[in-house]
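Please walk me through this structure in the viewer, stop by stop. Tell me what to select next and what is there.

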Amino acid sequence: MDALSSGCTVKMGEGQNPLEAMADSTFSASDVLSDLPNDLLGEPPSAVFGDPLSNISKQESTSNPAKQSSKLPSDVPCDIFDPLHGTGMEPKDDGKNASLIDIVINPVTSAKDNLPVDDLLSQPEIDIPAKTKTEQPAELRSEERPKDEPLSVASSKPKKDLFEDSPEDLFSELPKTKAKTKPQMDLFGDSSPDLFMDAKAAADTGPGRNAPADLFSEESVATTTSKSAKSNISANSIVTANSKANGVHSDEEEQDIFAEATVELSLDSPHNNRKTLDTTKPSEPASSLSAAAGSSKAQAKTLEELEEEESEDKFELNISITNPEKVGDGMNAYMAYKVSTQTTLPMFRSKTFTVRRRFSDFLGLYEKLSEKHSQNGYIVPPPPEKSLLGMTKVKVGKDDPSSGEFVERRRASLERYLQRVVCHPSLLQDPDVREFLEREELPRAVNTQALSGAGFLKMINKATDAVSKMTIKMNESDVWFEEKLQEVESEDQQLRKLHAVVDSLVSHRKELSVNTAVFAKSVAMLGSSEDNTALSRALSQLAELEDKIEQLHQEQAGNDFFVFTELLADYIRLLGAVRGSFDQRMKSWQRWQDAQTTLQKKREAEAKLLWANKPDKLQQAKDEIAEWEGKVTQYEREFERVSATVRKEVIRFEKEKARDFKKQIIKYLESLLQSQQQLIKYWEAFLPEAKAIA
Amino acid sequence: MMQEGLDDGPDFLSEEDRGPRAVNVDLQTDGTLQVDISDALSERDKVKFTVHTKSTLPSFKQNEFSVVRQHEEFIWLHDSFVENEEYAGYIIPPAPPRPDFDASREKLQKLGEGEGSMTKEEFTKMKQELEAEYLAIFKKTVAMHEVFLCRVAAHPVLRKDLNFHVFLEYNQDLSVRGKNKKEKLEDFFKNVVKSADGVLVAGVKDVDDFFEHEKTFLLEYHNRVKDASAKSDRMIRSHKSAADDINRIASTLYTLGTQDSTDVCKFFLKVSELFEKTRKIEARVAADEDLKLADLLKYYLRESQAAKDLLYRRGRALVDYENANKALDKARAKNKDVLQAETTQQICCQKFEKISESAKQELIDFKTRRVAAFRKNLVELAELELKHAKGNLQLLQSCLGVLKGDT
């Protein structure tokens with residue numbers, strides 16, 4: 001029985017290399033040191049995770065299978081780990097020691113390489129890899145690996161079983177396996193393929209569907225604890241499968257855990273810290289986690305503070321756009337605007353400066369900003385749309401009121417656009433913005449010139465985006481983003497509706513104004529034909545009154561439009577940008593997922609090579625894996641960065657929105673108030689006239 | 001459902017608006033004959049008016065009585081006045097316009113069809129609005145009919161008309177029917193002939209300066225009041241659309257405000273509440289302008305038409321008289337049928353003189369009435385406008401106070 005079980009584990013150990021590699025991907029994926037081939041690497045983290053568990057809650061369940069699976073008591077690996085952890089702790093506490101990692105990498109890789117090839121080799125080396133192993137996770141954790149925090153945090157929460165049980169089983173055994181002799185392996189060589197297959201099957205289902213993976217892993221955990229008492233083989237195989245599933249699963253799980261982690265870290269970290277005190281082993285992830293949590297929290301806080309400061313600082317920069325001027329003649333004519341800046345910010349050369357810019361310059365600025373920032377999840381304020389019709393009117397028409405209105409409308413929206421840009425703390429720092437505000441001559445923005453064509457391209461892009469949006473089924477595990485996106489979408493809908501209604505109010509008000517003018521004329525005529533002098537006089541007074549009211553309606557229509565409609569139009573555009581930033585986040589997520597899938601494939605390929613015993617190609621496969629691991633890590637971090645930015649940006653946007661809406665609506669109501677006051681004045685003047693009719 | 005809403009009509013009528021309803025005419029009521037419409041009931045395709053009479057005239061059996069009359073019976077009464085040669089010298093009070101609920105009904109039906117496409121709140125709101133619109137039309141219809149009766153009752157001659165008394169007193173159906181096709185066709189031809197004749201007659205230079213002046217005045221006045229009435233209608237319609245827009249803004253803001261419970265949302269709710277109130281006022285402004293201004297103009301459009309008709313009848317009589325004179329001259333010259341020609345000439349002369357005599361008074365009365373009615377309505381309009389604008393102002397002020405306090 002013992003022999004059998006140990007044989008199994010040995011086989012496992014062998015077969016595990018590829019398998020583990022996969023499982024490890026969960027850990028190593030996010031590693032900076034992704035070159036590290038990982039089976040060894042992967043183990044310790046889980047061992048570390050498992051330990052607190054075994055120490056605190058599930059000591060029995062975890063230790064039992066371990067004990068049963070082999071004669072060698074689990075103490076042995078534990079013993080090995082304990083001192084190691086002591087060492088592992090240090091680097092972590094010391095901070096991020098790149099050199100240490102470097103040192104660590106080499107032995108591990110060598111150990112790893114050696115293991116499959118020569119079992120004998122593994123024995124002496126065990127000490128070193130073990131050390132490195134333990135050190136490394138600590139290192140990794142202390143290094144910028146926010147991803148690990150979620151894991152550990154989650155493990156201290158309901159998911160405990162998932163993450164801790166099985167890995168614990170596995171890893172408590174693994175050292176044994178390596179420490180064990182190889183004859184056993186030979187003896188039970190037959191069983192290994194089965195196990196391998198099992199594990200692989202589990203692994204296959206794991207990444208494919210997340211929910212099933214969850215279920216599976218949970219179930220298997222349950223079975224593990226119960227079955228392990230009965231039979232070692234089954235227990236072992238299940239455990240492996242489980243760990244496999246777990247590894248993959250945790251992979252998927254991470255993002256959502258991350259979200260939780262940021263929120264709940266504060267609660268967990270002290271707890272973890274306490275654990276750290278209780279047991280030496282878990283101290284690594286826990287403390288590093290809490291440290292990371294602390295730092296991330298601190299970061300978040302500083303961001304908040306920054307933001308606050310920003311909104312206060314905002315008054316240091318005033319931008320106004322004035323003097324729209326027609327430059328040139330005919331179809332080559334364009335409008336130039338005076339952009340005046342008043343600032344106390346030290347980043348500018350002087351306190352006040354003025355430049356002349358044309359519309360396409362504004363578009364060019366947007367293009368530049370959006371190219372640089374929107375992929376990072378920033379909400380880049382969109383400029384007003386190009387209007388061929390309006391501009392043509394300006395170009396052709398002399399001084400008709402509609403073109404005047406168009407120019408004023410554009411001027412105002414450009415001003416609002418620029419103000420939004422400089423209000424943005426990150427965009428303000430952009431050299432292009434500074435250049436736009438300061439530099440006398442700006443290189444002509446070319447790509448915007450025929451924006452109708454570009455617009456068409458954009459439309460196509462949007463269409464493909466929409467398609468990919470449909471095909472990408474982002475397994476949104478972050479409730480915050482999910483809810484926000486929904487909120488944004490429904491708000492967009494409502495704002496569009498409101499915009500349409502306010503627009504119709506504007507046109508009805510204009511219509512009313514026109515009709516009032518016509519009526520005023522008609523009443524004047526009626527008054528002139530009235531042969532009662534007093535009544536005739538009153539009627540012409542009424543005509544005058546209606547004329548004034550017409551003016552009032554017209555002004556109000558202007559206010560409806562400039563104060564209310566334009567605000568809504570701006571925010572409909574801005575909400576588009578917000579959605580764009582959500583899309584960027586999703587794209588980045590997709591990139592990460594794709595990289596992960598590729599990595600998975602590479603690992604499977606490696607496993608096959610290993611099985612087929614083709615060592616010549618193995619190195620190449622390993623290199624590829626290392627490369628993809630690097631990519632996965634990079635993309636994952638990118639995704640996290642984008643997520644964090646989007647979140648921050650959305651919060652900022654909402655604040656700004658609330659402020660804007662309040663300000664504008666109050667302004668609008670004030671305009672209404674004023675016109676009512678005028679109305680009262682007018683009618684009060686008319687009343688005696690009406691009474692004077694005799 | 002609709003029926004119930006409409007049965008409320010009378011209640012609505014008996015409210016505050018009862019007084020200023022008969023605004024269009026300034027009548028010297030002597031108390032001997034007072035007529036009003038105390039109740040009205042809208043059925044599927046007809047409106048039943050309860051005509052209530054209070055009188056001390058001996059020709060009535062009782063002092064106070066009520067009968068139920070329909071629009072067709074009003075028209076019958078009006079036509080009987082027009083056709084009566086005796087009344088040729090008077091401005092016949094214009095007949096009330098036919099109740100027209102079709103547009104309103106259609107809208108309500110459309111609303112029913114579109115029920116699925118809108119939220120329950122929107123639907124209820126729209127329904128209430130349309131019912132209010134229906135009610136307003138109903139109210140106006142009743143007012144127009146009442147004005148007609150009041151005008152007749154106040155007229156020194158017409159009030160004594162037998163048909164009128166029957167109309168007021170006979171408590172059975174008068175069994176008048178709407179005109180059939182043949183009659184309508186006849187009417188149409190009569191109108192064509194009349195207007196062609198009217199042109200002829202109008203071309204005749206009047207001997208009397210007063211009438212000549214009145215003729216030019218009325219022609220011009222009628223056209224202008226017609227124009228003003230159409231323009232005021234358009235103005236009020238766009239005012240109503242604007243009010244509707246404000247209403248929709250209010251409900252959209254409400255939806256926006258109920259999305260969650262953040263600060264902005266509360267803000268939106270507050271603004272929505274404000275708009276909900278201001279749009280009611282705005283709608284009232286439009287309704288009052290309709291009642292005080294458009295209806296006044298419309299009434300004087302019809303009344304000036306009636307005055308024009310009177311002038312036409314007088315002109316016709318004048319032409320007849322002149323023709324009779326010519327015929328008499330001819331007859332005298334030929335010495336043939338002189339007597340007959342003389343009688344015709346005398347009849348024509350008498351008729352013309354009679355018309356001229358009463359017409360002069362009628363036209364003077366018309367002017368007095370007009371001035372008084374305009375005064376009354378314009379003063380009321382100004383007062384209502386002021387009231388609404390002040391209400392609006394107050395709402396805006398208090399809302400702004402709250403909003404600014406919040407931010």
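**Starting point: A:Arg434**

Select A:Arg434, which counts as partly exposed because its relative accessibility is 26%. The model is a predicted one. A:Arg434 lies in helix H19 of chain A, residues 431–438. Show its surroundings: leaving out residues up to four places away in sequence, A:Arg434 touches A:Met347, A:Phe348, A:Gln429 and A:Arg439. Then add A:Arg349, whose C-alpha is 9.9 Å from that of A:Arg434, although 85 residues separate the two in sequence.

**Charged pairs in chain A**

Next, select A:Glu566 and A:Arg409. Their side chains form a salt bridge, with N and O 3.4 Å apart. This pair links distant parts of the chain: A:Glu566 is in helix H22 (residues 533–612) and A:Arg409 in helix H17 (residues 401–423), 157 residues apart. Which of the two is buried, and which is partly exposed? A:Glu566 is buried, at 4% relative accessibility, whereas A:Arg409 is partly exposed, at 37%.

Keep both selected and add A:Glu385, A:Arg416, A:Arg420, A:Asp570, A:Arg573 and A:Asp660; together with A:Glu566 and A:Arg409 they are linked in a network of salt bridges. Over all chains, the whole structure holds 55 salt bridges.

Move to A:Glu627 and A:Lys631, another salt bridge, where the closest N and O atoms are 3.3 Å apart. Both residues belong to helix H23 of chain A (residues 615–691); they are 4 residues apart, so about one helical turn separates them. A:Glu627 is partly exposed at 41% relative accessible area, and A:Lys631 is partly exposed at 25%.

**Chain B: a paired and an unpaired acid**

Go to B:Arg248 and B:Asp245, whose side chains meet in a salt bridge of 2.8 Å, N to O. They lie 3 residues apart in helix H8 of chain B (residues 209–257), so the separation is about one helical turn. B:Asp245 is buried, with 0% relative accessibility, while B:Arg248 is partly exposed, with 41%.

Now select B:Glu289, in helix H9 of chain B (residues 263–334). How far away is the nearest side chain of opposite charge? B:Lys240 is that neighbour, 9.2 Å away; B:Glu289 is buried and has no salt bridge. Apart from neighbours within four places in sequence, the contacts of B:Glu289 are B:Met235, B:Ile236, B:His239, B:Ala294, B:Leu381 and B:Glu385.

**Nonpolar cores**

Select A:Leu669, A:Trp683, B:Phe275 and B:Leu378. These have the most contacts inside the largest nonpolar core, which has 111 residues. Helices H21 (479–529), H22 and H23 of chain A each give two or more residues to this core, as do H8, H9 and H10 (338–406) of chain B. Centre the view on A:Leu669: beyond its neighbours within four places in sequence, A:Leu669 is in contact with B:Leu274, B:Phe275, B:Leu396, B:Cys399, B:Leu400 and B:Leu403. A second, separate core has 29 residues, among them A:Tyr337, A:Phe353, A:Leu369 and A:Leu428.

**Last stop: a surface patch**

Finish on chain B with B:Leu185, B:Phe188, B:Phe189 and B:Val192, which make a nonpolar surface patch of about 420 Å². B:Phe188 is in helix H7 of chain B, residues 181–203.

Conventions
Residues numbered from 1 in each chain as written. Chains lettered and ligands numbered in written order. Predicted model: local features only at pLDDT ≥ 70, side-chain atom pairs only at ≥ 80, totals over all residues. Heavy atoms only, no water. Salt bridge = Lys/Arg side-chain N within 4 Å of Asp/Glu carboxyl O. Buried < 20%, exposed > 50% of the residue type's maximum accessible area, 1.4 Å probe, protein only. Patch = residues over 30% accessible without salt bridge, like charges linked within 9 Å, V, L, I, M, F, W, Y side chains within 5 Å. Areas by Shrake-Rupley, 256 points an atom, 1.4 Å probe, with all protein chains shown as cover. Lys, Arg positive; Asp, Glu negative; His and termini not counted. Contact = heavy atoms within 4.5 Å. Core = buried A, V, L, I, M, F, W, Y, C linked by side-chain atoms within 4.5 Å.
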